[in-house]
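This report goes through strand pairing, helix packing and nonpolar cores in one chain. The sequence and coordinates are shown first.

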Amino acid sequence: MEFRRIENLPPYVFTIINNLKIEARRAGHDVIDLGFGNPDIPSPDIAVRKLAEAAQNPRNHRYSLSRGLPKLREAIAGYYQRTWGVELDPELEITNTIGSKEGFSHLMWVLLDHDDAAIVPSPSYPIHIYGPLFAGADLRQVPMRGLSHPEARDNFTEHFFDNLHTAYDVGWPKPRVLVISFPHNPTGACVDLDFMQRVVDFCREREMVVVHDFAYADVGFDGIKPPSILQAEGAKEVAVEQYSMTKSFSMAGWRSAFLLGNAEVVQALVKLKSYLDYGMFQPVQIASTVTLNEASDFPHEVCATYERRCDALIDGLARIGWDVPKPGGTMFVWAPIPEPYAEMDSVEFCSMLVRECDVALSPGLGFGPGGEGYARFALIENEQRISQAVRNLRRGLTKLG
C-alpha cells in the first residue's frame, strides 16, 4: 500500500537513539537523557490553578474558537507590547495555534504549493525543513553549521546574507518564503535587531514572506535579549512570527502558541484552520490568558535555570577535554564531535554514547544534512544530573585528553 507525503521521508534518526536508550534502561542502565528537548521545569502555579478551576465549569468543555478567545489574543498582544514594544491588533494580527509545529505546518500550506520554493537554514529544527516539503515546495538551504566556532560567529551576519542571496539567486522558481528562527535551534545562535531589519528589507525587496519561529524568545544568555522581527521597520508588510508558551513558560504539553504579524498572512491561516480544527481546549486558553497577564516574570526564572545548566555542562565538558562554545540562547548546546572521534558520523557517535556512557544526545544529522558532525545536548536535567552525565562521558570517551 502506498502512503502519500510520507513515502520519501528518511528514517527519523532520533528514533534510533531513543530505541537504544529504551533497551539500555530495560537492561538496568541509568541512561541520562539529554536528547529530546522536553522541558522539565514545572509550569507556573497560576497556570495550573486556573486550568483546574476552568475545567470545573462545564461550559468550558464545548468547542472553542479556533483563532483563540478574544481575551487570550489581547493577553499576547499586551505581552508583546510590554516585552518588545510591538503593537498588535488582536482581531487581525494574531491567531492562536495548537503549538508551533501545528501552526507552522499549516502556515506552509497557505503560503506554498507545488512549483514554489522556500529558503530554510541548515541545520534547522526538523519541521522547518519538512513543513515546506509537505506542502510540495522546493527547498533551498542556507548553511549555519559553523556557528559552533567562535570565529565563525564573528562573521555570521555577512556569511548568512551572502548565502541568503545565493539561495535566492540560484535556480527557479524564486523562493516565496524565508524561514528563520533566532535564538536558533540547534546551534544556539542569536542575532540583533539590525540583523532582523536586514531580513525584512531583503524580503520586502523581493516580495517574500518571512516566517520567524520565536520559540526561544525569552531564553537569551549573558544579558542577550532576543529581538522580535516585528520590531523591525516595515516588518508587518512581510513578516509573521510564531510565539510559543512551551519554553518561555515551560508549558510544553499545553500546546499554547500564536502566529502574529502581517494581517493578510494571519487571516489566511485563520481561514485554513477554520476547516481543520476547533481550537485549544478552552480551560487551556483561559489558563494561558491569566499566565500571560499575571506571570510575566516567569520566563526570567526559566532563562536563569537554563543558563545555570548550560554553564555547568560546558565547564564540565571542558574539564574532560571536549571544548564546546557557549550558545547565545535556547535550551540546547550544539557540540562538534570531538576530533578523536571525527571519523564517526553523528548517529554512530551518539549511539556509542548510549552504549558506553549511558548518555543520550540528539545526532546532528537529525537537523538536516548541515548538522552532520555535531551532537545536541538538551538542558533538561538539573546540574547534579548534568555533572553525572559529564562523569559518564569521561569514563566512556577514552580518546579525550
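## Strand β12

In this predicted model, strand β12 spans residues 374–378, and five of its five residues are buried, so the strand is largely enclosed by the rest of the structure. Buried here means under 20% relative accessible area.

In a regular strand, side chains alternate between the two faces of the sheet. In β12, Tyr374, Arg376 and Ala378 point one way, while Ala375 and Phe377 point the other way. Residues on both sides of the strand are buried, the charged-type name Arg376 included among them.

## Partners of β12

Which strands pair with β12? One is β9 (residues 332–336), antiparallel to β12 and joined to it over five bridges. Within this pairing, Trp334 is opposite Arg376.

The other pairing listed here is with β11 (residues 362–363), which also runs antiparallel to β12 and is joined to it by two bridges. Pro363 of β11 has Ala375 as its bridge partner in β12.

## The seven-stranded sheet

Seven strands form an open sheet with mixed pairing, in the order β2-β8-β7-β6-β5-β3-β4. The edges are β2 (94–97) and β4 (138–143); each has a single partner strand, so one side of each is left without a neighbour in the sheet. From one strand to the next the twist averages 20 degrees.

Inside the sheet, β6 (residues 209–213) and β7 (residues 239–244) pair in the parallel sense, with four bridges between them. Val210 stands opposite Ala239 of β7. Helix α5 (residues 126–134) packs on this sheet and touches β3 (117–122), β4, β5 (177–180) and β6. The direction of α5 makes about 165 degrees with that of β3.

## Nonpolar cores

How many residues does the largest nonpolar core have? It has 105 residues, and those with the most contacts inside it are Tyr80, Tyr243, Trp322, Phe349, Phe377, Leu393 and Leu397. Helix α13 (residues 298–319) supplies the largest share of this core, eight residues.

Phe377, from strand β12, is thus also a core residue with many listed neighbours. Leaving out residues up to four places away in sequence, Phe377 touches Leu34, Leu313, Leu317, Trp322, Met331, Phe332, Val333, Ala335, Leu361 and Leu393. Trp322 and Leu393 are named both in this contact list and among the core residues with the most contacts.

Another core, of 22 residues, lies apart from the largest one. Its members include Leu111, Val179, Val211 and Val266.

How values were computed. Residues are numbered from 1 along each chain as its sequence is written. This is a predicted model: local features need pLDDT of at least 70, side-chain atom pairs count only at pLDDT 80 or more; totals for chains, interfaces and linings use all residues. Side-chain values use heavy atoms; hydrogens and water are left out. Buried means under 20% relative accessible area, exposed over 50%, partly exposed in between (1.4 Å probe, protein chains only). Two strands pair if DSSP finds at least two bridges between them. Axes are lines fitted to C-alpha atoms, for helices over the stretch in contact, and angles run from 0 to 180 degrees between N-to-C directions. Contact means heavy atoms within 4.5 Å. A nonpolar core is a set of buried Ala, Val, Leu, Ile, Met, Phe, Trp, Tyr and Cys residues joined through side-chain atoms within 4.5 Å.
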